Structures are given as C-alpha cells and as structure tokens.
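Biologist: I am new to this structure and should be grateful for a guided reading of it. May I put my questions one at a time?

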Amino acid sequence: MQNNEIVLIIDFGGQYNQLIARRVRECNVYCEVLPFKTPVSEILARNPIGIIFTGGPASVTDSGAPMISKEIFEAGIPVLGICYGCQLLSFMLGGEVTAGEKEYGNTPVTYKKSPLFEGIPDGISWMSHTYYVSKPAPGFDIIAETAHCSAAAVANVSRKIYGVQFHPEVNHTENGTKIIRNFLYNICCSHGDWTMSDYMETAADAIRKTVGDGKVLLALSGGVDSSVAAALLSKAVGGKLTCVFVDHGMMRKNEGDEVEAAFADMDLNFVRVNAEDRFLEKLKGITEPEEKRKLIGEEFIRVFEEEAHKIGFVDFLAQGTIYPDVIESGLGDAAVIKSHHNVGGIPDCVDFREIIEPLRLLFKDEVRTLGRELGLSEVLVSRQPFPGPGLAIRIIGEITKEKLDILRAADKILRDELLPLAGGVTAEDNQSPLRGERVEITERLPSRNNCRLGRLGQYFAVLTSSKTVGVMGDERTYAYTVALRAVETSDFMTADFAKIPYETLGHISSRIVNEVGGINRVVYDITTKPPATIEWE
C-alpha cells in the first residue's frame, strides 16, 4: 500500500507527459500517471494532494476530444493544467478556447504575482500550441502572458485551480521545475515525503506479493536497467530469481564476455545463452526498423521460454523496461515513435503467467539513483545505455555478420577516443564498456587542451546503408559511410548533440577509415531530440 502523499497525473496523450512525473519526483513527491479515461471515483479514492492534467495533441473544441468529469473540480483538490490541460479546465469551467497564432519553441513570458510563480523572474517558456485560452473561465485571473498569448497562465486562487499554456516540465522552460515545485508546496501543501529509498522498499514489497512462491526469470542484458532490475528482484525474492543473458550476436566488441565477467561475483543465478546464429537467421533479409525490433523482441521471448523450461516451470518473466521505452512505444492514446523490443516487440502469447517490470515508472537517471540505493557499483550504475536490440538498430538495412564486425570495430574506436576522462580512468585501464562513462569529460588530445564537453549521455557509431566513392593508396574505393552520434542529455526524452571539437572528430575519422576495412567516409550527426530520436532506428 502506498503510504506517501500522492499526486496523480492525468494523461491526455502528449509526448512530454512522463517528464511531468519526473519533475514531480525530483521535488520528493510521489506521483503516478493515469489515463484520462480513469473513472473519477477511482481518482478520488486515491486521496491525492494534487492533480495535474498533461498536454495532448487534440483540441478541446473537437468532437471526441479527451475530457474528464467536472466532478474532479468540485473535490477541493488542487489542479494544475498544462497546455491541453490548461485549455481543458478553462473550457470545461466556462472559458473560451480559440485557434490563434501558433507558438512553438522558446518564448519570452511575463509572470504576475501568484503562489505558482513565487520567487520566479520573467524568462523563457517552452510553447507548443495552436489553440489558446482566449477568455478565462469565470473566477479565473490571468497570471502570465506572452507576445501572442494573453492568457499564458490562469488561476482561480480560492479553488486552487491553475493552468499554464507552456510546458514547465521541459528543460527549455527556465525555472520550470521551480514552477512545479511551487504548485506542490505552495498550493498542494506537500511535505515532500518520497525518496528513491521509499520506492525501493515499496517496489520490493510489491514484487514479493506478486511472486509469492513462484519463480522469476529476468531478461538480463548487462545494461543499467536490467542490472538494477536484477538487484531489486534479488533483494525481493532472492534465490527464486534466475538471470538469463542472451548474447544475440549484436553486442559491442567483447561485450558478451564482459557482461558475464561483471556478474560473476554477484550472488545471482546467472545463465548465458549464445544465440547469434538463430537471431541472424531470423533477421535475414529484414530492413524495416519496426520489423527488426519486433522480430528481436519475439525471439528474445522464445529463448527465455526455452530456458525457463530447462530451469523448471517459471511463473514470471521480468524485464528492465523503463518509462522512455513505454512512451516511445505508445502510451495510452499517444503516438508510437518506435516500438521497443521489450514493449512493442512482446508477442501476444507468452509462456509465462505474468511479466514483471519493476522499473516501468522510472526514468534513466532515477534508475541510476535506485541502483546506488541497492548498493550496485558505479561501474554498472553509470554504464552508457545500450539498446536491447543492440547493433541491429545501428545498422541501416539488412543485418549481416560482416556489417556487424565492421560496425563493432568503428564503434570501439569512437568509444576508446571518448573514454579517457578528466580525473577518471584512462584508455589503458578502461577497455570495458561496463565502465562509468556518463560524466563530464575533457578530451585528452593535445589539440583540445582544456576544452570541455558537457555531460555525455550516449555516444556510438551507426553503419549507414550508403556506399560512396573514395580514394585510398591512389586506388578507387567504394565502401560504407559510418555516422557518429554523441548526445548530451539528463533524461533521454530530449537531447542535444555534443559539441565535439573538429580536431577530435578529425582524429576519430582518420582512425576509422585507416583501421576499419569497408569504411571510407565518416559523418557526424548534429540533430537534436526532438525532432530526431537518439538512436537512428
């Protein structure tokens, strides 16, 4: 049972929605996300101290637009509407919502005196809307405005109902988390009684109740998410857990052996399955990214089923699924960006009683924090993310053993060149991709001197399907183009490309074309997320 204060986030289908949950948790307040179709009686039965309406792609004036019962506004519970949520509460309470001049991106905003904006100066807000509140509902005052939106925020102070047209949950909004914090503490009167330690205990208790006397098989990749899931499940059910690592042949160079070595000293039932041949056979001739992901997801399940039968009947399959996986695979009425192998790739029929996903409500940085609470080493907790489908989604087009070997070699050069860290390990003593990589770095090349990069969330190479003409040793070549990708991010929902100096990129390019056969051209991806995703497929 949840004993903490709780804020409920009502999801109306926007792509930024789970960022709201992340910001609330950063303020030490427990929250859960519920679809807008959740009955109001169920919402009120949870006794929330506050309710937040998310954004969404619809217009409140459209027929069939997502709605909620007006009863929610009569319960005396503070409400904050964001973007669509602001329009919705205004419309339902008697205001007017109209199509107007579009506002997208960074927008200067002016705040008026309000508990919501206490201690917050005028600044930049992140706008993403076509419709806006043209006339506030009776009893509501305008508490913020922009050049093109006269009601950028509205409030009925006596009823504790607030709405903001912009997105405070997005990093681009200056002091956005402080706005959410003001709602939680100034308006909802929260005591901030939730921590990751609480989550650990609550999640472990829930796992114990679910598993009972059953057995659990964990799909272990060796990445941050599945490693933390392994530690949490081990804490909850001990010897009832078996961790199965499927080496599908699409890991980074030497990674299969390194994952096995990393778990050798842990008190876990660890099984390694070498399944390269069956996965490559399954992927033969497949070029479409969604089909790759779903085929890999299904084949993973089939391997796990086979291993479960060897162990004896296993009731539960556990996965390290996290929130970004769920969001991008389509949450509620939200659009599918790309199916993750552990979400959209799960077949309809599986030979397990239930699938357990103890990290499903956590973002990557929260997973790392939980790992530290569980006592995992920083080597595992800070490991750079690596997708479950592996290099299969970093090769554009059909997957072959030859392409995998080419990409592995190029990717290792990129990682070796970016691994040397300021005050950290060197290339000589850090050959494993399981080492801590997501920290602030200083490039070791002489040409860089003291030039610093930001926090690298992820960096890797992609083998494109394009072959281009080149010249090597006075001879014509016709070989692949490899793309390098490096991003700075805190939550993996948004990301900026890393500003790697040209000298460094030139050095990496020179090494790749000289040391890796089959590549004669290197390019660098300078696209942010959005509009792109971090991975190419």
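**Salt bridges, sheets and burial**

Biologist: Which residue forms a salt bridge with R415?

Modeller: A salt bridge is counted where a side-chain nitrogen of Lys or Arg is within 4 Å of a carboxyl oxygen of Asp or Glu. For R415 the closest N and O atoms are 2.8 Å apart, and the partner is D411.

Biologist: What kind of model is this?

Modeller: Residues are numbered from 1 along each chain as its sequence is written, and side-chain values use heavy atoms, with hydrogens and water left out. Local features need pLDDT of at least 70, side-chain atom pairs count only at pLDDT 80 or more, and totals for chains, interfaces and linings use all residues, for the model is predicted.

Biologist: In which helix do R415 and D411 lie?

Modeller: Helices are DSSP runs of H or I with at least four residues, strands are runs of E with at least two, and both are numbered from the N terminus. R415 and D411 are four residues apart, about one turn, and the helix that holds both is α13.

Biologist: Are R415 and D411 buried or exposed?

Modeller: Buried means under 20% relative accessible area, exposed means over 50%, and partly exposed lies in between (1.4 Å probe, protein chains only). On this scale R415 and D411 are both buried.

Biologist: How many residues apart are D405 and R408?

Modeller: D405 and R408 form a salt bridge, with 3.2 Å between the closest N and O atoms. D405, at 36% relative accessibility, counts as partly exposed, whereas R408, at 13%, counts as buried. Within helix α13 (residues 401-418) about one helical turn separates the two, because their distance along the sequence is three residues.

Biologist: Which residues are linked in a network of salt bridges with R22?

Modeller: The side chains of R22 and E26 meet at 2.9 Å, N to O. These two are about one helical turn apart because four residues separate them in helix α1 (residues 17-26). R22 is buried at 4% relative accessibility, and E26 is partly exposed at 38%. The network links R22 with R23, E26 and D365.

Biologist: How many salt bridges does the count come to by this rule?

Modeller: The pairs R22-E26 and D405-R408 are among those described above. By the rule already given, the count comes to 33.

Biologist: With which residues is E299 in contact, leaving aside its neighbours within four places in sequence?

Modeller: E299 belongs to helix α9 (residues 289-311) and is buried, at 8% relative accessibility. Contact means heavy atoms within 4.5 Å. With sequence neighbours within four places set aside, E299 touches R278, F279 and K282.

Biologist: What is the order of the five strands in the open sheet with parallel pairing?

Modeller: Two strands pair if DSSP finds at least two bridges between them. The edge strands, each pairing on one side only, are β12 (269-274) and β14 (354-356). The full order is β12-β11-β10-β13-β14.

Biologist: What is the bridge partner of V246 in β12?

Modeller: Strand β11 (residues 241-247) runs parallel to β12, and six bridges join them. In β12 the residue that partners V246 is V273.

Biologist: At about what angle to β12 does helix α7 run?

Modeller: β11, α7 and β12 make a right-handed β-α-β unit; right-handed means that, with the strands pointing away from the viewer, the path from the first strand over the helix to the second runs clockwise. Axes are lines fitted to C-alpha atoms, for helices over the stretch in contact, and angles between N-to-C directions run from 0 to 180 degrees. Helix α7 (residues 255-262) lies across β11 and β12, and its angle to β12 is about 170 degrees.

Biologist: Which strands stand at the edges of the nine-strand sheet?

Modeller: This open sheet has mixed pairing, in the order β2-β1-β3-β4-β9-β8-β7-β5-β6. Each edge strand has a single partner, so one side of it lacks a neighbour in the sheet; these strands are β2 (30-35) and β6 (123-135).

Biologist: Which residue in β9 stands opposite V154?

Modeller: Strands β8 (residues 153-156) and β9 (residues 161-164) run antiparallel and are joined by four bridges. Opposite V154, in β9, stands G163.

Biologist: What percentage of the residues of the chain count as buried?

Modeller: The secondary structure of the chain comes to 14 helices and 19 strands. Of its 537 residues, the share that count as buried is 58%.
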